[in-house]
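Work through the exercises below with the sequence and the model at hand. Try each task before reading its solution.

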Amino acid sequence: MDNRLPHEKGFHVSWDQLHRDARALAWRLQGQGPDEGQWRAVVAITRGGMAPAMIVARELDIRTVDTISVKSYNHQTQSAPRIIKSPDPQVIGDGTGILVVDDLVDTGRTLEVVRGHMPKAQIATVYAKPQGRPQVDTFITEVSQDTWIFFPWDMALQYVKPYRGSD
Ligand SMILES: O=P(O)(O)OC[C@H]1O[C@H](OP(=O)(O)OP(=O)(O)O)[C@H](O)[C@@H]1O
Ligand code: HPA
Ligand SMILES: [Mg+2]
């Protein structure tokens, strides 16, 4: 057990679970926006933030949705994050009234870059690891730092061998 690689400690999230957790995030966020509880727009951090951002925008009735693309991981290896697509500056301004949504925060480096771009935005993720927690304003479920979260868009159903048996 202890000789497993860190990413082999897996937290596997189904579409159903993701939908439930993103809805729980929307429930937690409702009424917290700066303008009578509402936000002007949602900005999804692509690509993983797009599914939860859609669900949150639907629940909170936010019709303006933009994206920011931050590239840092190649599979499970991280390099210096950089913005490869910015949201419309006329929509986001300094981030006031903007709700930024991502699937998870791990080291927090992605959100650090996003915060630099929109200092006044509120940042929400569905899942959070301890190292990245200070970068998030609102999240739903915390998982340990040595757990790798597997999302439904990265998985497929497949046969699993029984614990006992010849093959
Ligand atoms: O807190 P950090 O250590 O910076 O990691 C968190 C980020 O890493 C993943 O995105 P990734 O860069 O893999 O791109 P993707 O969303 O397109 O899969 C995840 O969706 C977060 O955006
Ligand atoms: O645990 C994770 N799962 C998927 N993508 C990620 N990007 C950083 N950490 C993770
Ligand atoms: Mg991402």
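The exercises that follow treat the core, the strand pairing, the ligand shell and some backbone details.

This is a predicted model, in which local features need pLDDT of at least 70 and side-chain atom pairs count only at pLDDT 80 or more, while totals for chains, interfaces and linings use all residues. Residues are numbered from 1 along each chain as its sequence is written, and chains are lettered from A and ligands numbered from 1 in the order in which they are written.

**Exercise 1.** Find which residues have the most contacts inside the largest nonpolar core.

Solution. A nonpolar core is a set of buried Ala, Val, Leu, Ile, Met, Phe, Trp, Tyr and Cys residues joined through C-beta atoms within 7 Å. A residue is buried if 20 or more other C-beta atoms lie within 10 Å of its own, exposed if 12 or fewer, and partly exposed in between, with C-beta atoms placed from the backbone. The largest core has 34 residues, and Val42, Val56 and Val100 have the most contacts inside it. Among the elements that give two or more residues to this core are helix 1, strand 2, helix 2 (50–60) and strand 5 (98–105). Helices (H or I, at least four residues) and strands (E, at least two) are DSSP runs, numbered from the N terminus. Next, take Val56: leaving aside neighbours within four places in sequence, its contacts (C-beta atoms, placed from the backbone, within 7 Å) are Ala22, Leu25, Ala26, Leu29, Val42 and Val101.

**Exercise 2.** State in which sense strand 2 and strand 3 pair, and how strand 4 runs relative to strand 3.

Solution. Two strands pair if DSSP finds at least two bridges between them. Strand 2 and strand 3 are parallel, with five bridges; one bridge links Thr46 to Ser69 in strand 3. Strand 3 and strand 4 (residues 77–85) run antiparallel and are also joined by five bridges, and Asn74 has Thr77 of strand 4 as its bridge partner. These two strands make a hairpin with two residues between them, and His75 in the turn has a positive phi of about 55°.

**Exercise 3.** List the residues around ligand 2, then locate the positions that UniProt gives for "binding site".

Solution. Tyr73, Leu104, Asp106, Trp148 and Ile149 surround ligand 2, each with its C-beta atom, placed from the backbone, within 6 Å of the ligand. The shell has four nonpolar residues, no polar and one charged. Under "binding site", an unreviewed UniProt entry lists Asp106 and Ile149. These positions are spread over 44 residues of sequence, yet the largest C-alpha distance is 9.6 Å. Asp106 lies in the loop between strand 5 and helix 4 and is buried, because 22 other C-beta atoms lie within 10 Å. Ile149 belongs to strand 8 (residues 148–150) and is partly exposed, because it has 19 C-beta neighbours inside 10 Å.

**Exercise 4.** Where is the cis peptide bond with omega near -5°, and is Glu36, with its positive phi, buried or exposed?

Solution. Most residues other than glycine have a negative phi, and most peptide bonds are trans. The bond from Thr46 to Arg47 is cis, with omega near -5°, and Arg47 is in the loop between strand 2 and helix 2. Glu36 has a positive phi of about 50° although it is not a glycine. Glu36 is exposed, because 6 other C-beta atoms lie within 10 Å. Asp61, also not a glycine, has a positive phi of about 60° and is found in the loop between helix 2 and strand 3.

Definitions and conventions:
Ala, Val, Leu, Ile, Met, Phe, Trp, Tyr, Cys and Pro count as nonpolar, Asp, Glu, Lys and Arg as charged, and the others, Gly among them, as polar. Two residues are in contact if their C-beta atoms, placed from the backbone, lie within 7 Å. UniProt positions are given in the numbering used here, feature names are shortened, and annotations may be inferred rather than shown by experiment.
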